[in-house]
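Biologist: I'd like a close look at one part, the nonpolar core, please. Take me through it step by step.

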Amino acid sequence: MKALFQSMTSRIVLILIGGVLAAALLTLGLALGERQQMIAQFREYHAVERVAQFVLSLETVPPDLRTRYLAAAAGIGMRAELAPGTDTPAGQQSELAAMLEKRLAGVHTVTSSAIQPTNCGPTRRKGGEHRGRCEALLVKLESGEQLRLTVIPPRPPPLAPRGDWMMYGVLFLISVGVLAAIIARMTMQPLKRLAKAATELGDDIERPPLPERGATEIRQAAAAFNAMQSRIRQHIQQRAHILAAITHDLQTPLTRLRLRLEKVDDPQLRDKLIGDLLAMQGMVREGLDLARSMDSAEKMQLLDLDSMIDSVCTDAIDAGQPVTVKGTTGVFLHARPIALRRCLTNLIDNAVKYGGHAEVGATRAGSLVTISVRDDGPGIPETELENVFSPFYRLEQSRSRETGGTGLGLTIARNIAQQHKGNLILANLPEGGLEANLRLPC
């Protein structure tokens, strides 16, 4: 339930449904109130008209038939009788009496009786008998007689909705829900495309730019994102070019320097200087490799992973490194061959350099393939497993400067793994040694 309210799409749908439903209920309430008022006015008019027609008809009935005519008033929902002399008008005229007097156009005088009945008694109306509070009116006829009418006031219309309103309400909610879902999709689809593009940008800076179409705000956001991607691409390329230029330009003076050092007469001094020079050349070469690892200009190709692993390990064995291979995956994946080969080579070199032996294996689990490189070395402290991926970071114990290396091998390997939308993770083995797991989507 919490995840439902955290989604922007769900929030838009719920807000739209709530807003439309509140507006519909308000409109329905106003419409029902207006309907009740119109029905009440109609019923009042109908009741007054019925009484007025009865009084006017009574004037034309012969005297010998008036008793039967008055008795028949119960059939139209009232009682009629000639008022006794004790029945006197009330001090204030009721609303029904005023309406009836206005309908009779002043020919008859209509007043409220001072003696009001508490109950109507049985009077026949459509739908059965009715018992309830009535109103007694005194009507002065043209003959001078006074007629007492006991009238049932118009009842207010029932407020209970009809049975089919439930079906209408369900159809209304379905319609509003569909409309809200369409609006939410139209609103959130551009944001989802933007979020997907931002995620892909972290994996591939060379991804195609976003199409600049849609509403004005969406086009502006897409244009801003494309401009940002272009600037980031330029910054990365400039950084890689600067690093590559520096490391490349250092090669020439270092080569000249070595030629001159060969002429030093003192053998001990000459060996030390040449050792330092070789270390500098190694750093320059790995700096150039680092610059290349940050540049993803190499095209992706479909390659046989098992063949690549076998090729890299064979080259290492030919170079005299103790490397063994086990396990096959049968996986073909899209990758940059030169970059992936450099990544595997760095991992094998590290395992041989610090552990004396490299065991390379490959397994597949679903859509993920894992290439593992194990060694028999002392491992790495748990607190340093992430730090060793920093450029030029060196451990001071077993993997110190005396063992060689510049501290860029793992940095380069992880850069290449991330370019392939994968990752490189180090873990100490329970039986001793270190395992580097290169995980790639296949």
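Modeller: Let's say two residues are in contact when they have heavy atoms within 4.5 Å. This is a predicted model, where local features need pLDDT of at least 70 and side-chain atom pairs pLDDT 80 or more, while totals for chains, interfaces and linings use all residues. Residues are numbered from 1 along each chain as its sequence is written, and side-chain values use heavy atoms, without hydrogens or water.

Start at Ile348: beyond its neighbours within four places in sequence, Ile348 is in contact with Val312, Cys313, Ala316, Gln321, Val323, Ala358, Val360 and Val373. Ile348 belongs to the largest nonpolar core (buried nonpolar residues joined through side-chain atoms within 4.5 Å; buried is under 20% relative accessible area, 1.4 Å probe). This core has 41 residues, and Leu347, Ile348, Leu426 and Leu438 touch the most other members. Among the elements (DSSP runs, helices of at least four residues and strands of at least two) that each supply at least two core residues are helix H8 (305-318), H9, strand S10 (358-365), strand S12 (423-428) and S13. H9 gives the most, with 8 residues. A second, separate core has 21 residues, including Ala73, Ala80, Ala97 and Leu149.

Leu347 also leads us to an empty space. The largest cavity (points on a 1 Å grid where a 1.4 Å probe fits but cannot get out; lining residues have an atom within 4 Å) has a volume of about 80 Å³, the space filled by probe spheres set on its points. Its lining has 11 residues, and the closest to its centre are Leu347, Asn350, Asp375, Leu434 and Ala436. Helix H9 (337-355) and strand S13 (434-441) each give two or more residues to that lining.

How values were computed: 1 Å grid on protein atoms, 1.4 Å probe; cavity = no way out; pocket = protein on both sides within 12 Å on 5 of 7 lines; lining within 4 Å. Buried < 20%, exposed > 50% of the residue type's maximum accessible area, 1.4 Å probe, protein only.
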